[in-house]
Amino acid sequence: MGTMLGSGANQRSSNLPQDWAQRTPEQKRAWRLENLVDPPNLEFVSEKAKEDYRRRAQRLVDVFNVQEPDRVPFMLPVGNLPFTNYGINLRTAMYDLEKAVAACRKFNDEYSEELEHFASPWVTPGKVLDLLDYKLYSWPGHRLGENVPSVQFMEAEYMKEDEYEALMRDPSDFWIRTYLPRVMGTLEPLRMLRPATDIVEIVNLVQFMPLASPEFQTMLQKLMDIGKEYQNMMKIMAEAGPSGAAHGYPAMFGAFCKAPFDTLGDTLRGTQPILKDMYRRPEKLLEALDVVADFTISSVLSSPNISSVFMVTYPLHKGADGWMSAKQFDTFYWPSLKKVMNALINEGLVQHMFAEGGYNSRLESINEFPKGTVAWYFDKTDMARAKKILGSKCAIQGNLASSLIVTGTPEDVRKQCRTLIEECGQGGGYILSAGAIPDNPKLENLRAMVEAVKEYGVYRR
């Protein structure tokens, strides 16, 4: 499950205020948003960068609070353009981070001020994936052609139908001794371990015998090699210079988690098996969803860096129109997701929901949170209707057609941007962005997005 943070219930160590537990959710959210606008310990590269940062951050705060900012904010679907503009592909960026950094630096030197976008080489090191023998994804040069511009998820039944009890009884044990060995070939020797609870007081040979096997020692050596790769990555990133925030560009990310149904359906059971489970073992599925919801909440809230973020982003997959009926959505998908969202809302975190596909049949069902706590990022949903149903309480984002950014003309882009701004921007609470990030956007179409916002997205005060 994972977040872009860490784990642990040490809220004191994460620099949250000492009276945090006594604060209301509204007070907690206000504290986090204040830190977004005026981040502690951030050294800006210049006074101009500081002013630009605070103006852009305040714009986001206004939108999340469903108020009118000075101007509609936008997120450019830059995709791999910083790499291709520099003459490298995604594979090169994944296996040669120094070239990826140089590409982003060149892009920023040429375009960051014009496009109000700061590119960073957020790629997973390809050598790490190789060392892990990672099964969950294919990437350029690894089950995909070297010039393919994206990674692809490799779905499989990584959790069997008779393993629900094992998952619910001890999720960590299931993850370590069953799931991880299936999705990372290098971790296959973890199957040999005894449950950690077997080590109570007396240490004996049975518990630690696996450490003597050549397979286990090879695994440990590869893990050390992975650690060295990450050390090298951190060194290269540190030498790359100050972050985008230091240059005046607030980051629109924080913690990452998934809907419990998607954790089970994407990562564990797979699409076809979990859809069958709704009919064959509905009670067991619901029980497991509640367990997954609990450890999803813990994963986010126990991060030692929890005080430094203001939002949690969810990519929503299997709740979209057409995946299940409204009754199934209300039974299997929404309750466990809502449980996670409410727990994180209570900690002052804005819920940023990326509703992939269409959510037209779900809009009435999902509008049940306090104002300013949820931002819906739509891919193919009717934005005018979303604004009408959700717009008084929720920020909304999207859904400029990604295909238009790749194949359309600048005038096509300007026209659709204007329509979206006029339909969704009234009263504030709207972020202009594409419905998804295309692989090969046209630079002139990104410019058209920026121009459209500056022409049509300014609020008259």
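Helix axes are lines fitted to C-alpha atoms, taken over the stretch in contact, and the angle between two of them runs from 0 to 180 degrees between N-to-C directions. With that convention in hand, one can begin at the N-terminal part of this predicted model, where the axes of helix 1 (residues 25-37) and helix 2 (residues 47-64) come within 8 Å and cross at roughly 150 degrees. Because angles over 145 degrees count as roughly antiparallel, helix 1 is roughly antiparallel to helix 2. On the side of helix 1 the contact involves L33, L36 and V37, which meet Y53, R54, A57, Q58 and V61 of helix 2. The residues of this contact divide into six nonpolar, one polar and one charged.

Beyond helix 2, the loop that leads to strand 1 contains V66, a residue with a positive phi of about 55 degrees although it is not a glycine. V66 is buried, its relative accessible area being 9%. A comparable backbone feature appears at D133, in the loop between helix 6 (126-132) and strand 2, where phi is near 55 degrees, again a positive value in a residue other than glycine. D133, however, counts as partly exposed, at 30% relative accessibility.

The strand that follows D133's loop belongs to an open sheet of three strands, which has the order 3-2-4 and mixed pairing. Its edges are formed by strand 3 (143-144) and strand 4 (152-153), each of which pairs on one side only. Strand 2 (residues 137-140) runs parallel to strand 3 and is joined to it by two bridges, with P140 standing opposite L144.

A further open sheet is built from seven strands in the order 1-10-9-8-7-6-5, with parallel pairing. Here the edge positions fall to strand 1 (74-75) and strand 5 (255-256), each pairing on one side only. Within this sheet, strand 6 (residues 311-316) and strand 7 (residues 350-355) run parallel and are connected by six bridges, and the register between them can be followed from V312, which stands opposite Q351.

Turning to the interior, the largest nonpolar core has 116 residues, of which L264, Y314, Y359, W376 and F378 touch the most other members. Helix 14 (residues 326-345) gives the most to this core, contributing 10 residues. A second, separate core comprises 19 residues, including L36, L60, A245 and F310. L36 has already been met above, as one of the residues through which helix 1 contacts helix 2.

The surroundings of F378 can be described in greater detail. Leaving aside neighbours within four places in sequence, F378 is in contact with A355, Y359, L363, M383, A386, L390, I396, Q397, G398, N399 and G435. Among these partners is Y359, which, like F378, is listed with the core residues that touch the most other members.

L264, another residue in that group, is one of the buried residues of helix 11. Helix 11 (residues 260-268) is mostly covered, nine of its nine residues being buried, and the buried set includes D262 and D266 as well as P260, F261 and L268. After helix 11 comes G270, whose phi is positive, near 95 degrees.

Notes:
Residues are numbered from 1 along each chain as its sequence is written. This is a predicted model: local features need pLDDT of at least 70, side-chain atom pairs count only at pLDDT 80 or more; totals for chains, interfaces and linings use all residues. Side-chain values use heavy atoms; hydrogens and water are left out. Two strands pair if DSSP finds at least two bridges between them. Helices (H or I, at least four residues) and strands (E, at least two) are DSSP runs, numbered from the N terminus. Angles under 35 degrees count as roughly parallel, over 145 as roughly antiparallel, 65 to 115 as roughly perpendicular and the rest as oblique. Contact means heavy atoms within 4.5 Å. Ala, Val, Leu, Ile, Met, Phe, Trp, Tyr, Cys and Pro count as nonpolar, Asp, Glu, Lys and Arg as charged, and the others, Gly among them, as polar. Buried means under 20% relative accessible area, exposed over 50%, partly exposed in between (1.4 Å probe, protein chains only). A nonpolar core is a set of buried Ala, Val, Leu, Ile, Met, Phe, Trp, Tyr and Cys residues joined through side-chain atoms within 4.5 Å.
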